[in-house]
Amino acid sequence: MSSFDDSDAFEAASAASLSARAMAARAMPHLDGLNPAQREAVEQMEGPVLMLAGAGTGKTKALTARIAHLLATGTARPNEVLAVTFTNKAAREMKNRIGALMGQAVEGMPWLGTFHSICAKLLRRHAELVGLKSNFTILDTDDQKRVLKNLLSVNSVDEKRHPPRWVSSFIEQCKNNAWTPDKVPAANDLELWCDRIFDQSTLAEAPNVYEFSRRNPDSGAVGRHIIMASTIYAQYQTRLRELNAVDFGDLLLHVIRIFQENDDLLAQYQRWFRYILVDEYQDTNVAQYLWLRLLAQGHSNICCVGDDDQSIYGWRGAEVGNILRFEKDFPGAKVVRLEQNYRSTGHILAAASGVIEANKGRLGKTLWTDGDDGEKVRLIGHWDGEEEARWIGEEIESMGQGTRGMDPIGPNDIAILVRASHQMRAFEDRFLTIGLPYRVIGGPRFYERMEIRDAMAYFRVVVSPDDDLAFERIVNTPKRGLGDKAQATIQKMARTNGVSLLDGARLAVETKALSGKGLKELTRLVDQIGHWRALMQGGLRQVGPVDDLIEEDRPTIDALSHIELAEVILDESGYTAMWQNDKTPEAPGRLENLKELVKALESFENLQGFLEHVSLIMDNEADDHEPKVTLMTLHAAKGLEFPAVFLPGWEDGLFPSQRSMDESGLKGLEEERRLAYVGITRAEKVCTISFAGNRRVYGQWQSQLPSRFIDELPEAHVEVLTPPGLYGHQGGMAASASPVAEMMRGSDLQEKAARADVYNSPGWKRLQQNQGRFGMRQPSEAKNVTIDAEAISAFSVGDRVFHQKFGYGEVISVEGDKLGIAFDKAGEKHVVGRFVVAADAAGDVPF
DNA sequence: AAATTATACGTTTTT
DNA sequence: CGTATAATTT
């Protein structure tokens, strides 16, 4: 875990490299099983190398083999290799695989990690060069938003028109592009409207506010006042410095600035990192590119691995241009293409290739395989989204039995990949009713949950008493009667004395700036924090003026373990009690999460180490053992593979997403197409694409057209399926119904023409001919499966029950193992009995 | 200060 | 339609 405790990594690494050199004489097992292209990429150690690695071509294998080769040949010591990834998961996997290749010989690679963790490490060493202390805190999006909200209101910005998260994404965009506040191009800057009109005297006191001469289209008023977004950005940076804090983008930018302003230091690191490797290079943004270029200058021993066809993060600043430009940026670069695919069948590869070929300006690769053609990509249309979910559910069940001579495929080997997370709901609903276990990847992350963040804010206050944001978060959580008024008093006290909020609170207590209950509660909180701090450090116990909480009056105390300390903090602060007293359905889960948090502390030496880890590592691999179908977005699926993949919702507007096309035009469409390519290439054996003719969008029923990507699937590699149980309804329900529906909605002519044209497209005609009918049918009343006499429900009508997702409710019908339940909050649902528990037991059952 | 009602809005997401 | 925030009430 500890890419951070590198203090003696150098020593350890040097020792390790001796044995590495010794190994050079011996065989090199890491080269075994590499194909010629992979081997070339591994053995070309000097100079710039671009490894263009298509989906499933053994990219990680080649990358790890290359590192192993550098070490095994004694070309580099472990601490001289800088290997950067985007995610912690990727870093972890690489570490494991290198370990497996090298045996125990290499202790660790201190500079293998994410861009952010490596930058955090560098910045802690040199923080003072950018005016920070080395114990700076790393803000998450929530903290950022709070800082920004404050700035916006101070500047009278109209928060209705420019919500904090909007300004926050502006700043993020600037940082992705390595624009400091003074370097924001005028064309990219934004005018933020003020929420009031200044008069001459107030305007004089607001130096950043300008008169905006254009007419306000809303009110018709002239003389609106504005402030530039880059000005807010500048203030934001100042504020972060005051807080001794950085955001994620700053980790990169501060390090870049340090390198740019300190030639000697840069030279030192250039000498130190003799070999640089970068994973997922197509996802790098401008800042990351600059960072890499600074470090690679000189030796140019940089190996970038990526696939321009899998660049799907343009919307968050990734520059495909970086990978397309590589040979220009690094003259003499060797380009190696990995094109042999070890993952998917021939039909699947051919279908994926057919789709991606429609993109322009690719570096170009042709995937091929030694393996079987396998089954064709399957394509199926449904009446609506619910039927699509129903069909996929049944298909998954039959895959479990093994269909058409294929080996059974269990839930763990199946994934459903959607374009947008809201598509998951239809599947969740369906799977819940048929009792198909599933797992959703990519929901709210563990460390982003409210209770976890609250708990960590307590830890932060104890670890660093001047962490104002953390103090602000916990001062009235749980409710202590310290509302806006009390907090304003504390703020004022802190500001006028130039101290932290905690010290401000201490002063407020001493000077009795508050009264009654507020004073008592604040006194207690301040004393408690002092007490916890003492528990952390050990030694003489601090004796507060009003210290009625601490029962024993020991003059000295021993330092508690950080785990005990965490428990004490959560307990004494009343935070645990707050959730125990909470009657909402999510309260038991939150308590469970808190327990998990404390458990997670075990793998750390102290609270500081834990907090550093958490601020950079936001992933939480749930370790459940039950086989489950995976439900996730296409974005989340990159890098993964499954024997069977379902790709539902291939409808124009949904996928490709209308918004992408509107906002980014052809570029956006091409990125969507790459997403389609990523989706198809996740499948090893079976890939099933589907669409619905009708779908509910924001509550309104809308007729949908099959995705244009469906037309791009090469016919020879696609098999069109027809759902079972069809009767009547000859062909092309959507073809006839949709345009009519379109006209009734009175959309403009151009759009109608464009849409009508789809029906003349070769792909659609082909499908019509091939199928005769396309599986469109009226939704038959879904008859629920007959009652299994063996299945005796543990519940009866009238029982109070609790459900993990829907909360509390009352059983209103029982049909075999299926229950009809009227939920208090979620309405009426049909659910399989094993997903609910008797309501009185809900409090004790850890889900 | 909590509970309730109104209203706006509605990809993709890691660090 | 459903959720998440804001505004309003009690």
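# Close-up views of chain A and its DNA strands

**Isoleucine 276 pairs with isoleucine 302, its bridge partner in β10.** The model shown here and in the other views is a predicted one. The pair belongs to a parallel match between β10 and strand β9 (residues 275-278), which three bridges hold in register with β10. On the sheet you can also find helix α5 (residues 115-126), which packs against it and touches β2, β3 and β9. Compare the directions of α5 and β3: they make an angle of about 105°. Another helix to look for is α4 (residues 88-102), lying across β2 (81-85) and β3. Its run makes about 165° with β3.

**Six strands line up in an open sheet.** In what order do the strands of this open sheet come? Reading across, you meet β3, β2, β9, β10, β1 and β11, with parallel pairing. The edges are formed by β3 (112-114) and β11, each of which pairs on one side only. Neighbouring strands are turned against each other by 15° on average, if direction is ignored.

**Strand β1 (residues 49-53) is mostly covered by its surroundings.** Follow the strand from end to end and you will see that five of its five residues are buried. Here is a handy rule for looking at this view: along a regular strand, side chains point by turns to one face of the sheet and then to the other. In β1, Val49, Met51 and Ala53 sit on one side, while Leu50 and Leu52 sit on the other. Are the residues on these two faces of β1 buried or exposed? Both faces are covered, with the residues on each side buried.

**Strand β1 has parallel partners in β10 and β11.** Strand β10 (residues 302-306) is joined to β1 by four bridges. To find your place in this pairing, look for methionine 51, which stands opposite valine 305 of β10. Strand β11 (residues 334-338) is linked to β1 by five bridges. Here a good landmark is leucine 52, whose bridge partner in β11 is arginine 337.

**Tryptophan 383 is part of strand β12 (residues 377-384).** Why does tryptophan 383 count as buried? Its relative accessibility is 15%, and a residue is called buried when this value is under 20%. The strand around it tells a similar story: eight of the eight residues of β12 are buried, so the rest of the structure largely encloses it. Tryptophan 383 also shows how the chain folds back on itself in space: its C-alpha atom and that of glutamate 651 are separated by 12 Å, although the two positions lie 268 residues apart along the chain.

**Leucine 379 has a bridge partner in β21 and another in β19.** In β21 (residues 718-720), a strand that pairs with β12 in the parallel sense over three bridges, the partner of leucine 379 is valine 720. In strand β19 (residues 683-697), which six bridges join to β12, again running parallel, the partner is isoleucine 689.

**DNA strand B is surrounded by 23 residues.** Which of them come nearest? They are Arg419, Ser421, Lys479, Thr633 and Ser660. Of the atoms of DNA strand B that come within 4 Å of the protein, 51% are from sugar and phosphate. Helix α28 (residues 658-680) gives the most to this surface, with four residues. Sorted by class, the surface holds six nonpolar, ten polar and seven charged residues.

**Polar atoms of the protein meet both base and backbone atoms of DNA strand B.** A base oxygen lies 2.5 Å from a polar side-chain atom of arginine 419. The side chain of threonine 633 places an N or O atom 2.5 Å from a phosphate oxygen. Asparagine 88 takes part through its backbone, where a polar atom is 3.0 Å from a phosphate oxygen.

**DNA strand C has Lys149, Lys160, Arg425, Tyr698 and Gly699 around it.** By class, this surface divides into three charged residues, one polar and one nonpolar. Sugar or phosphate supplies 60% of the strand C atoms within 4 Å of the protein, and bases supply the rest. Zoom in on lysine 160: a polar atom of its side chain is 3.2 Å from a phosphate oxygen.

**Chain A has 32 helices and 26 strands.** Of its 847 residues, 53% are buried. Among contacts between residues at least 6 apart in sequence, 74% join residues at least 24 apart.

Notes
Residues are numbered from 1 along each chain as its sequence is written. Chains are lettered from A and ligands numbered from 1 in the order in which they are written. This is a predicted model: local features need pLDDT of at least 70, side-chain atom pairs count only at pLDDT 80 or more; totals for chains, interfaces and linings use all residues. Side-chain values use heavy atoms; hydrogens and water are left out. Buried means under 20% relative accessible area, exposed over 50%, partly exposed in between (1.4 Å probe, protein chains only). Two strands pair if DSSP finds at least two bridges between them. A residue is near a molecule or strand if one of its heavy atoms lies within 4 Å of it. A polar contact is a pair of N or O atoms within 3.5 Å; within protein, one must be able to donate a hydrogen and the other to accept it, and residues adjacent in sequence count only if both atoms are side-chain atoms. Ala, Val, Leu, Ile, Met, Phe, Trp, Tyr, Cys and Pro count as nonpolar, Asp, Glu, Lys and Arg as charged, and the others, Gly among them, as polar. Axes are lines fitted to C-alpha atoms, for helices over the stretch in contact, and angles run from 0 to 180 degrees between N-to-C directions. Contact means heavy atoms within 4.5 Å.
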